[in-house]
Amino acid sequence: MASKKIDINKASVEDFEKLNGIGLRKAKAIIKYRKSFGGFSAVKDLSSVPGVGDCIVEQSRTQLTCSTRKRKAVRTPKVKDNVESKGQPSSSGLSARSIRHNLRALSKSAEEHVDDGNSIVSHDDHMPEDESGDEVMFREEDRGSSNAQHKSRIPIPVNGLFSGHVLKRKGHVVKEEPDSSPGKKFCRDGDYQSTFVNLQKSSRQNLIATQRMRIPSKEHPPDKLAEWLQIFQNWGNAERLMALDELITLCDPTQVRHMMQVIEPQFQRDFISLLPKELALYVLSFLEPKSLLKAAQTCRYWRVLAEDNLLWREKCREESIDDNLVYGSNRLRRRHTSRCPWKSLYMRQHQIELNWRTGEIPGPKLLKGHDDHVITCLEFCGTRIVSGSDDNTLKVWSAITGKCLRTLVGHTGGVWSSQMSNSVVISGSTDRTLKVWNADTGQCIHTLYGHSSTVRCMHLHRNVVVSGSRDATLRVWDIDSGACLHVLMGHVAAVRCVQYDGRRVVSGAYDYMVKVWDPETETCLHTLQGHTNRVYSLQFDGIHIVSGSLDTSIRVWDVEAGNCLHTLIGHQSLTSGLELKDNILVSGNADSTVKVWDITTGQCLQTLQGPNKHSSAVTCLQFNKKFVITSSDDGTVKIWDLKTGDFIRNLVALDSGGSGGVVWRVRCSNTKLVCAVGSRNGTEETKLHVLDFDVDEKKCLY
């Protein structure tokens, strides 16, 4: 059942208290206001009550109604032809005494409601009546004396009472005039005859105007405002805060909104524009690039600052972004037509990262070769790709066109290791030799003899390459002359991995040992013991050595002291791949998981697993500051977020995955992914997949 509406002309204080936003104080104010005006004409009149705004009225409008204001009934007595004799009451009951009484009452009421602007406020409660309760009107008439030129206002019944008669004061002759229609107004000598109804309407308008004039302003402040402000100023900070809290609780929503409108602009000053340009740029340098782009949309001057070339150069430097990274070392530089080339460079790199993460995966270029043999090693430098196979050859491919540029033929055994720098390629084979090739011409520059077994690993630094062999020795070669500079002997089993930084050589072997060498003196500086099985992988940054073993552990060593700093436990099988950059280590394992470590603390930061993890052994991995890319025997290449460890998506998924299709190797540049795929049972053709995530120049908007 719908709730009963509240009649604002009849409601009590308790009824008004039930409305939202109206308490006892406001309810009493409404009752007082209603009595003063004799009622309301419409619901919207409530907003005229002090403290009751439009907002409160609108909230409660559906609960309110306004009945028609009842006026007192006007009796129209019968009028005799002649007024009674002087001093006697007439047949209507109206006497000169009652007229004088009503005049005095009206005068007194008017004096009580005269404000500073001499406005008269008249209420229904003060409307003069004759003794019989009839409402009266005023008429101006001569007083009757021939010497008296002034006029007096005589109350005359409104609804036709004494119609056709003019009443004068005691002692005057009453002149009879013809009857006129009830309610008709009289005019004499151009004078306007006004009724109490018109007087009430004009008085109400005068009251509203008076109230508006009395709204506090700087010219007319409220009483005792200065005294209140002085008290506030004399308080301390704690007292002021407490006073403000209390003041806010007493305010209506409209008043709180007013405070917000006054306060908010104080915190919206454009301080950047007020600073010298150098200081403004220094402040903006603390913003992230995304925030800088938003700041550039604030105004024209902010855009000039936010597109400062030096500012964006620092942003690029923080992210290690340069032309070589974005455009490639052997590619023509794109001319920067923008007035802020560093910003364009940053935005291009950002778009490339989005392409890796969420862009449409481009159709791969398929580089078919090596027949059905296994691709054992893969190198990617600039625009060239070099693949080595157990078919005794290496092939040089164009990463741009996907064409095979040339085939390097000369080995008499399978190629199992390789290194590449610019146009120089070095390969190691089961034929116990190393060969130095010119990738541009396909010519074999040197054949390096010395090892007595398969050359299983090598590492190139500038023009010196260090090779490790199954004959348990390491050899240091000059690739320019083809001479063997040093022979490092000490391992008692096959050397499986080697690293060289130009000063120290670090090797890992099947004898469970990791050795640190001084190649110039051919001496072993440290033998790092701790692994309990074969060492398969190494990383060396000049300070730390990281070794991965078949014993499932990863160890971090100090190269100078030769002691073990951390043992990283977590994998369940052979750690086949390691990558180390800026103290962040990423390890791939045959247990199908990939882990991210901080080698300074030995803490595992992330484990790349979950429902989308690899379903077979991890064969290879690459990573940068944003992503980790992994390949597996399950025939997939996956991309992960380095910081969060979240799986992003599959970049490659072979149809033969799970039934023999394998991704053996991956190599990445900033914009390209190269994968060597095939199978051991003939289910997948041996080939290279090349995916390009570079920015489309036609769609480039910066």
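pLDDT is the predictor's confidence in each residue, on a scale from 0 to 100. Colour the chain by pLDDT to begin. The mean for the protein chain is 82, and 76% of its residues reach 70 or more. Residues 71–94 fall below 50, and this stretch has 47 contacts in the model beyond near neighbours in sequence; a contact means heavy atoms within 4.5 Å. Residues 329–333 also stay under 50, with 10 contacts beyond four places in sequence. Where pLDDT is low, the predicted coordinates should not be read in detail.

This is a predicted model, in which local features need pLDDT of at least 70 and side-chain atom pairs count only at pLDDT 80 or more, while totals for chains, interfaces and linings use all residues. Residues are numbered from 1 along each chain as its sequence is written, and side-chain values use heavy atoms, with hydrogens and water left out.

**Whole chain**

Switch to a cartoon. The protein chain has 15 helices and 36 strands. Both are DSSP runs numbered from the N terminus: helices are H or I with at least four residues, strands are E with at least two. Of the 702 residues, 44% count as buried. Buried means under 20% relative accessible area, exposed means over 50%, and partly exposed lies in between (1.4 Å probe, protein chains only). Among contacts with a separation of 6 or more, 45% come from residues 24 or more positions apart. Now show the surface. The chain exposes about 37,800 Å², and carbon and sulfur atoms supply 50% of that. Areas come from the Shrake-Rupley method with a 1.4 Å probe; for residues, only the protein chains shown count as cover.

**Stop 1: Ser 60**

Select Ser 60 in helix α3, residues 54–60. Ser 60 is buried, with a relative accessible area of 1%. Leaving out residues up to four places away in sequence, Ser 60 touches Leu 19 and Asn 20.

**Stop 2: a nonpolar patch**

Select Leu 225, Trp 228, Leu 229, Leu 241, Leu 244 and Leu 247. Together they form a nonpolar patch on the surface, with about 510 Å² of accessible area. Patches are made of residues with over 30% relative accessible area and no salt bridge; like charges are joined within 9 Å, nonpolar side chains (Val, Leu, Ile, Met, Phe, Trp, Tyr) within 5 Å. Helices α6 (225–234) and α7 (237–250) each supply at least two of the patch residues. Trp 228 belongs to α6 and is partly exposed at 46% relative accessibility.

**Stop 3: salt bridges**

Show charged side chains next. The structure holds 13 salt bridges. Each is a side-chain nitrogen of Lys or Arg within 4 Å of a carboxyl oxygen of Asp or Glu.

Centre on Glu 307. Its salt bridge with Arg 303 has the closest N and O atoms 3.4 Å apart. Arg 303 is partly exposed at 45%, whereas Glu 307 is buried at 14%. Lys 343 also forms a salt bridge with Glu 307, with a closest N–O distance of 3.1 Å. This pair links distant parts of the chain, 36 residues apart: Lys 343 is in helix α15 (residues 341–357), Glu 307 in the loop between α12 (300–306) and α13. Both Lys 343 and Glu 307 are buried.

Move to Asp 440. Its salt bridge partner is Arg 384, and the closest N and O atoms are 2.0 Å apart. Asp 440 lies in the loop between β12 (434–438) and β13 (443–448) and Arg 384 in strand β7 (residues 384–389), so the pair ties together parts 56 residues apart in sequence. Asp 440 is partly exposed at 36%; Arg 384 is buried at 18%. Back at the earlier group, shared partners join Arg 303, Glu 307 and Lys 343 into one network.

**Stop 4: strand β27 and its partners**

Select residues 584–589. Of the 6 residues in this strand, β27, 5 are buried, so it is largely enclosed by the rest of the structure. Add β26, residues 575–581: 6 bridges join it to β27, running antiparallel. Two strands pair if DSSP finds at least two bridges between them. Thr 575 stands opposite Asn 589. The hairpin of β26 and β27 has 2 residues between the strands, and Asp 582 takes a positive phi near 50° there.

Now add β28, residues 594–598, which pairs with β27 over 5 antiparallel bridges. Lys 595 is the bridge partner of Ser 587. This hairpin has 4 residues between the strands, with Ser 592 at a positive phi near 80°.

**Stop 5: two loops**

Finish on backbone angles. Ser 320, in the loop between α13 (309–318) and α14 (323–327), has a positive phi of about 60° although it is not a glycine. Thr 552 sits in the loop between β23 (544–549) and β24 (554–558). Its phi is near 80°, again positive in a residue other than glycine.
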